[in-house]
Amino acid sequence: MRQRVAVIDFETTGITPGPDCRATEIGVAMVENGRVVDRFQSLMNAGVRVPPMIEALTGISNAMLRAAPPAHAVMRDAAAFVGSAPLAAHNASFDRKFWDYELAQLGLARGQDFACTLLLSRRLLPQAPNHKLGTLTRWASLPDTGRAHRALADAEMAANLLCHLEDTLRGQFRLGDVNHGMLCKLQKVAAAKIRPYLDELQAAQRV
């Protein structure tokens, strides 16, 4: 993909954002021309406590967050870093909720759509053992970016997967022009209808 896309990952204290469930870390991997060209990462202190189970999963402790910058400052910097770039994430419905919630604390609103590498991989890589980010990374022999369940490592994994999915569209399905808008439409197509949909796209690009 030639256009810049911001691939986002959050670590959080729970599943649904709210006063008692907030982001603890954000990672953004900026993709352009098939590779990661820039990165943003920070812990963020929103004044909420990390449950022991989440600390064991992510390695992010309450002590680490006490020394972290405030969430509003981190999100302001993250929003400036992303700018107007299209967005992507693995299981984007999760990260989209936290991106929107944390932006709202600043009085800001998202203007871009999210492409979801989970939905796209289910449609384009049905032969994979499963569609977890770590599994897909190993199965497709993509680079090891570091510890899972840390925001920047996961954002970079998702960025590499996004590039792999684009390569699949260009190579296996012979699509010349792959863009973020196409991916956002593709992820909404039922898995059983993907092949005819892609055949139509290929025919349209030949005209």
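Helix α3 (residues 71–82) lies across β1, β2, β3 and β4, and runs at about 170 degrees to β3. Keep in mind that this is a predicted model. A second helix, α7, also lies across β1, β2, β3 and β4, but here the angle to β2 is about 30 degrees.

What are these helices lying on? It's an open sheet of 5 strands in the order β3-β2-β1-β4-β5, with mixed pairing. β3 and β5 (114–116) sit at the edges, each pairing on one side only. From one strand to the next, the twist averages 25 degrees.

Let's walk through the pairings. Strand β1 (residues 5–12) and β2 run antiparallel, joined by 8 bridges; one spot to look at is aspartate 9, which stands opposite glycine 27 in β2. β2 then pairs with strand β3 (residues 35–43), again in the antiparallel sense and over 8 bridges. These two strands form a hairpin with 2 residues between them, and asparagine 33 in the turn has a positive phi of about 55 degrees. Right by that turn, glutamate 32 stands opposite arginine 35 in β3. On the β4 side, things go parallel: 2 bridges join β1 to strand β4 (residues 87–89), with valine 7 opposite alanine 88.

How enclosed is strand β2 (residues 23–32)? Of its 10 residues, 9 are buried, so the rest of the structure largely encloses it. Helix α7 (residues 151–171) gets similar treatment: 16 of its 21 residues are buried, so it too is largely enclosed. You can also check the length of α7 yourself: at 1.5 Å a residue its 21 residues should span 30 Å, and the end C-alpha atoms are indeed 30 Å apart.

Now for what's packed inside. Nonpolar side chains tend to be buried together in soluble globular proteins. Here the largest nonpolar core has 34 residues, and Val7, Leu124, Leu169 and Leu198 are the ones touching the most other members. At least two residues of this core come from each of β1, β2, α5 (117–124), α6 (133–139), α7, α8 (180–186) and α9 (194–206). The largest share, 9 residues, is supplied by α7.

For a close-up, try leucine 124: leaving aside residues up to four places away in sequence, it touches Leu165, Thr168, Leu169, Phe173, Leu186 and Leu198. Apart from this core lies another, of 28 residues, and among them are Phe40, Ala78, Trp99 and Leu118.

Notes: Residues are numbered from 1 along each chain as its sequence is written. This is a predicted model: local features need pLDDT of at least 70, side-chain atom pairs count only at pLDDT 80 or more; totals for chains, interfaces and linings use all residues. Side-chain values use heavy atoms; hydrogens and water are left out. Helices (H or I, at least four residues) and strands (E, at least two) are DSSP runs, numbered from the N terminus. The expected span of a helix is 1.5 Å times one less than its number of residues. Buried means under 20% relative accessible area, exposed over 50%, partly exposed in between (1.4 Å probe, protein chains only). Two strands pair if DSSP finds at least two bridges between them. A nonpolar core is a set of buried Ala, Val, Leu, Ile, Met, Phe, Trp, Tyr and Cys residues joined through side-chain atoms within 4.5 Å. Contact means heavy atoms within 4.5 Å. Axes are lines fitted to C-alpha atoms, for helices over the stretch in contact, and angles run from 0 to 180 degrees between N-to-C directions.
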